[in-house]
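User: I am new to this structure and would like to understand the words used to describe it. Could you walk me through them?

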Amino acid sequence: MKTPFDQFRELANELTKEISKEMKKFQDKEMPRSSGEAELNRHIRGAEKEAFSVERLVERQRTLLSELASKRDEAKKMADKRYEQTELAKQAGEEKLAERAALESKHYGEQYRYFEGLIDEGERELDDLERRALEMKLKLDEMQNKRYEFAMRENLDLLKGALDQIFGQNASQSHPFTDEEKKEEPASEKQADESDEDDFEAKLKELERRFKQD
């Protein structure tokens, strides 16, 4: 017959296997980011439910251990009490009382050892449950942190799209304010400028010649 601890252990094993399976399915699956976030949220909701179930098992185990400890202490107290009463009955020559007290002392002693064994087993199981609960919590945290990755990547995609829309259409053209290439002046304007320069120089030379003659 299975003890309550066996039942708790089996249920805890099933729950931790389930959340580990869900986590592995998500990690192994390649999916677009748009659907990946929805899939992640679904896994997180399932993991939160499983983690809550394990936490309830842990609390139930602690409560049960506390109850067993009380039963153990009561059994020991009765075993010691009946043992003393057995000795007193023997001294008084009350054989029937002594026999009955001895029988009960043995019974409570066996109960004490039984509860003591259950408590030892239960404490080991509690340690295992607490470890599993911690593992589930850490896996859940890992899954929840993935939300930040999705949010960051989605924001980067939106930012990149906005920048591409602003600058991408003119990517092949030089910006008018950063264009280092200087436009060539039309040939006619260039020749007119050179003619004006020559005329200016000629007038200055003629002026210098006249003053020298004077």
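Analyst: Gladly; this is a predicted model, and we can take the terms one at a time.

User: What makes up the fold, in helices and strands?

Analyst: The protein has four helices and zero strands. Read from the N terminus, the order is α-α-α-α.

User: How many of the residues are buried, as a share of the 214?

Analyst: Buried residues account for 23% of the 214 residues. To be counted there, a residue needs a relative accessible area under 20%. As for the outside, the protein exposes about 16800 Å², and 51% of that comes from carbon and sulfur atoms.

User: Why is F167 called exposed?

Analyst: The cut-off for exposed is over 50% relative accessible area. F167 has 56%, so F167 is exposed. You will find F167 in helix α3, which covers residues 95-167.

User: Which residues make the nonpolar surface patch?

Analyst: M152, L156, L159, L163, I166 and F167 make the patch, with an area of about 600 Å². Residues in such a patch need over 30% relative accessible area, and F167 has 56%.

User: How do you know that R100 and E104 form a salt bridge?

Analyst: The rule asks for a side-chain nitrogen of Lys or Arg within 4 Å of a carboxyl oxygen of Asp or Glu. For R100 and E104 the N to O distance is 3.5 Å, so the pair fits the rule. Side chains of opposite charge can pair when their charged atoms come close.

User: Why are R100 and E104 about one helical turn apart?

Analyst: Because they are four residues apart in helix α3, about one helical turn separates them.

User: Which of the two is exposed and which partly exposed, R100 or E104?

Analyst: R100 has 59% relative accessibility, so R100 counts as exposed. E104 has 22%, which falls between the 20% and 50% limits, so E104 counts as partly exposed.

User: What makes D141 and K137 a salt bridge?

Analyst: Their closest N and O atoms are 3.4 Å apart, and the limit is 4 Å, so D141 and K137 qualify. Both lie in helix α3, four residues apart, about one turn of the helix. D141, at 27%, is partly exposed, and K137, at 48%, is partly exposed too. Salt bridges with shared partners also link D128, R131, R132 and E135 into one network.

User: How many salt bridges does the rule give?

Analyst: The count is eleven salt bridges. One of them joins R72 and D73, with the closest N and O atoms 3.2 Å apart.

Notes:
Residues numbered from 1 in each chain as written. Predicted model: local features only at pLDDT ≥ 70, side-chain atom pairs only at ≥ 80, totals over all residues. Heavy atoms only, no water. Patch = residues over 30% accessible without salt bridge, like charges linked within 9 Å, V, L, I, M, F, W, Y side chains within 5 Å. Areas by Shrake-Rupley, 256 points an atom, 1.4 Å probe, with all protein chains shown as cover. Helix = DSSP H or I, 4+ residues; strand = E, 2+ residues; numbered from the N terminus. Buried < 20%, exposed > 50% of the residue type's maximum accessible area, 1.4 Å probe, protein only.
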